[in-house]
Each structure stands twice: as C-alpha cells, then as structure tokens.
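The following exercises are intended for a reader who is new to this structure. Each one sets a task and then works through the solution step by step.

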Amino acid sequence: MSENKRTEIGELGEFALIDKITEGVEIHHKTTVKGIGDDAAVFDYGGDEYTVLSTDILLEGIHFDLSFMPLQHLGYKAIAVNVSDVAAMNAIPEQVTVSIAITNRFSVEAVDMIYQGIKAACKNYKVDLVGGDTTSSRQGLCISVTAVGRVKKDKIAYRSGAKKGDILCVSGDLGGAYMGLQVLLREKKVFEANPEMQPNLEDYQYIAGRQLRPEARTDIIHEFNELGIVPTSMIDISDGLASEVLHICKDSKVGAVVYEDKLPVDHQTFDVCHEFKIPSKTPALNGGEDYELLFTIKQEDFPKVEKHASIFFIGYIDEAENGARLVTEGQQTLPLTAQGWKHF
Ligand code: ADP
Ligand code: MG
C-alpha cells in the first residue's frame, strides 16, 4: 500500500480486513495447532486433549441497543456467543474471562445487573468466570469475553474437514434472531414517536428471545459425544447461514448445495416475515445471530441423527469446482452468496 493511499474499511469488508491485518503473523510455538481462521484457536499442551480459545467483543450501538436490550440478557448473551464459538470446535467450555468498559452513565446497580446475566450464563453452561478487566469508557458500553474449552484430539471439528458427499446439517431454526431485531427496532420507533405507546411484544416472544437471549448449543456437543458422532466440519451461525456455508466451502476446499425448502424456519419467524413482506428464507439465509451450529456429517452417520428433533438436513457437500449453490423453492439453482458486512 502506498503511503498516501487511504482505503476505506467498508471497501474491504470484515473478512478481507482480518486477512490483511493478520498477514505475516508468525507462530512461535509447537503448542499452537491452529491460530487465526477458525471459531477458536487450538492448543496442544500434551495428553489426549486440545485446549481451545475464542474471544468476542460486544459494543453498544453496534451489537446491542440498550433501549431494548435488558442488562441481564446482555450479560447472558456475551457469555453465550463465546461459548458458542467453543462449541463450534466440538469442545466443552470450562473458563471465561470478562472485560468491561463502562461510562459514568451506568450505576453500580446497572453493572450488577449485567453480572447477574453473566453469572446465570456461567451457571447454565457450567463455565467458571476466572478473571477479566474493568475500565471506564468515554462513550458506550463494551463487553469482551474470552472462553476456553477442551476437546479430545480425535473429536475436534474444524471448518476445514468437510468432504464431498457429507451431509450439511443445522441444529435449529434460522432467521428468528434477525426478525426479532426487526420487531424490536419497529417497537422502538413507535415508542420514540409516542412514549405513551408501550411496546407490544406478546406475539413475538420467541423471536425477541432469539435476539436478546440466544443459547449456545453445548447440548448438541454432548449429544455428538453420546451418539459417537464427530462432525467432519463445524461453525456456529453468527453471521448468517450463507456466509457460514461459504466459510466451510472455502476452508474445506469443497462446494456445497443448499436446498432453500429444507431451511428450518419457526412459525413465528414465518408470520413476522409475512408482516414485513419479506420472503421467510431471506433471514434464514442471511439473518445471523441465531447461534445454531452448522456442521457436516459423513453419510454413514446419518442413521444416528436421522430422527433427531432439532437437527435439520439442508444440503450436501459437493466438489469445489461446482462452487456453493442454492436450490431455491422454485427449483432454480443459483450461486449461494452472502450479504456484506453491516458494521461499517
Ligand atoms: P467468529 O465469527 O467465529 O467469532 P471471526 O469471523 O470474528 O470469527 O474471526 C475469524 C478469525 O479471525 C478467528 O480466528 C479470529 O480469532 C480471527 N481474528 C478476528 N479479528 C482478529 C484480529 N483483530 N486480530 C487477529 N485475529 C483476528
Ligand atoms: Mg464462530
């Protein structure tokens, strides 16, 4: 890059930016099995297990809006999204650290409420809060969590292990968190226009919950263990199904076929899409923040999960040359594309 050139971050996008800034990063230790590029980094400290580590930031105004995000839920979500990245390696989380930056707008009671949510999540996922950092902020609340977990070496699931013929699966319904956000934003606008109007979320509880208090699917990881399944690849759905399928294709050097009519959509998500006049498969493909797991299994493992109530089979892995494709409900075959990054 020449000295005078200024490149807007928006031109590059999140993933190209990460590639750019992490170019030339050196690995100094044999214990680092996997560095940048998966849901979590992977370390080998000996024995028959790997340690995995993942970190995420939640920033006010970018990742959450305090006008409708209850503080307890925010604390809960901060833990859940990190636990989800550990789960995406087929690992079980054990420890977290939590760092917060707060403005003087927050009272001790408010910070305590965030921690009530953090503690509730730690209890639910059986993770130990072992440290963190606390600082003041000029503007906005920031929560950063790092999670550590463990997995037997022969059970680790990277983004890169999918093979032609594997079945593409998701652990639950998609698009709910995005439609929940649309409803919350709409109710916020109504409230801003007329503060006497109370938000009506009664008919939208499921999808509002998907947005405000997502769960990490550690239950599925325990089930894989019991069923004797090791996914050939796995990623958690934070950015939207299409984007995550493309990550698996790129890292596994494969193509994929996704059937639109197989995408699981909850009836409440479906109804709200109708209300907002958008096709219900759009948020399922591109919505994000559902924190379900997207994974691939070998065909021979299919009978073990065939009847599972919350595992859905949405397509299969194909040759790299064929790329990632979407078979629409109208039986058209299109290239699968991910919408761009929203944050810049
Ligand atoms: P996820 O959505 O699963 O949290 P990301 O897309 O945020 O994953 O990150 C992809 C990879 O890039 C991860 O391995 C992550 O640790 C790494 N990464 C992201 N931002 C940075 C950064 N600023 N410096 C170094 N590595 C980063
Ligand atoms: Mg992830």
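A residue counts as buried when its relative accessible area is under 20%, as exposed when that area is over 50%, and as partly exposed in between. The model used throughout is a predicted one.

**Exercise 1. Classify aspartate 85 and aspartate 56 by accessibility, and describe their surroundings.**

Step 1. Aspartate 85 is located in helix H3. Its relative accessibility is 10%, and therefore aspartate 85 counts as buried.

Step 2. Aspartate 56 belongs to strand E3, which spans residues 49–59. Because its relative accessibility is 27%, aspartate 56 counts as partly exposed.

Step 3. Neighbours within four places in sequence are set aside when the contacts are listed. Aspartate 85 is then in contact with Asp39, Ala40, Ser54, Asp56 and Asp236. For aspartate 56, the contacts are Val81, Asn82, Asp85, Ile143, Ser144 and Val145.

Step 4. The record can now be consulted. In an unreviewed UniProt entry, the annotation "binding site" covers Asp56 and Asp85. Although these positions are spread over 30 residues of sequence, they cluster in space, with a largest C-alpha distance of 9.2 Å.

**Exercise 2. Describe the surroundings of ligand 1.**

Step 1. The shell around ligand 1 holds 13 residues, and the closest are Gly37, Asp38, Asp39, Asp85 and Arg159.

Step 2. By character, the shell divides into 6 charged, 4 nonpolar and 3 polar residues. Helix H2 (residues 14–21) supplies the largest share, with 4 residues.

Step 3. Three distances from oxygen atoms of the ligand follow. One such distance, to an N or O atom in the side chain of aspartate 39, is 3.0 Å. A polar backbone atom of aspartate 38 is 3.1 Å from an oxygen atom of ligand 1. For an N or O atom in the side chain of arginine 159, the distance to an oxygen atom of ligand 1 is 3.2 Å.

Step 4. On its own, ligand 1 has 560 Å² of accessible area, of which the protein covers 65%.

**Exercise 3. Determine which backbone atoms the side chains of serine 252 and asparagine 90 reach.**

Step 1. Serine 252 lies in helix H8 (residues 241–252). With a relative accessibility of 10%, serine 252 counts as buried.

Step 2. The side chain of serine 252 reaches the backbone nitrogen of alanine 162 at 3.0 Å. Beyond its neighbours within four places in sequence, serine 252 is in contact with Arg159, Ser160, Gly161, Ala162 and Ser233.

Step 3. Asparagine 90 is placed in the loop between H3 and strand E4 (92–102). Its relative accessibility is 6%, so asparagine 90 counts as buried.

Step 4. At 2.8 Å, the side chain of asparagine 90 reaches the backbone oxygen of lysine 155. Apart from residues up to four places away in sequence, asparagine 90 touches Val151, Lys155, Ala157, Ile221, Phe224, Val230, Pro231 and Met234.

**Exercise 4. Identify the buried residues of helix H6 and some of the elements that cover them.**

Step 1. Helix H6 comprises residues 205–212, and Ile207, Ala208, Arg210, Gln211 and Leu212 are buried in it.

Step 2. The cover over the buried residues of H6 includes helix H3 (71–87), helix H5 (176–193) and helix H9 (267–275).

Terms used. Residues are numbered from 1 along each chain as its sequence is written. Chains are lettered from A and ligands numbered from 1 in the order in which they are written. This is a predicted model: local features need pLDDT of at least 70, side-chain atom pairs count only at pLDDT 80 or more; totals for chains, interfaces and linings use all residues. Side-chain values use heavy atoms; hydrogens and water are left out. Buried means under 20% relative accessible area, exposed over 50%, partly exposed in between (1.4 Å probe, protein chains only). Helices (H or I, at least four residues) and strands (E, at least two) are DSSP runs, numbered from the N terminus. Contact means heavy atoms within 4.5 Å. A residue is near a molecule or strand if one of its heavy atoms lies within 4 Å of it. A polar contact is a pair of N or O atoms within 3.5 Å; within protein, one must be able to donate a hydrogen and the other to accept it, and residues adjacent in sequence count only if both atoms are side-chain atoms. Accessible areas come from the Shrake-Rupley method with a 1.4 Å probe; for residues, only the protein chains shown count as cover. Ala, Val, Leu, Ile, Met, Phe, Trp, Tyr, Cys and Pro count as nonpolar, Asp, Glu, Lys and Arg as charged, and the others, Gly among them, as polar. UniProt positions are given in the numbering used here, feature names are shortened, and annotations may be inferred rather than shown by experiment.
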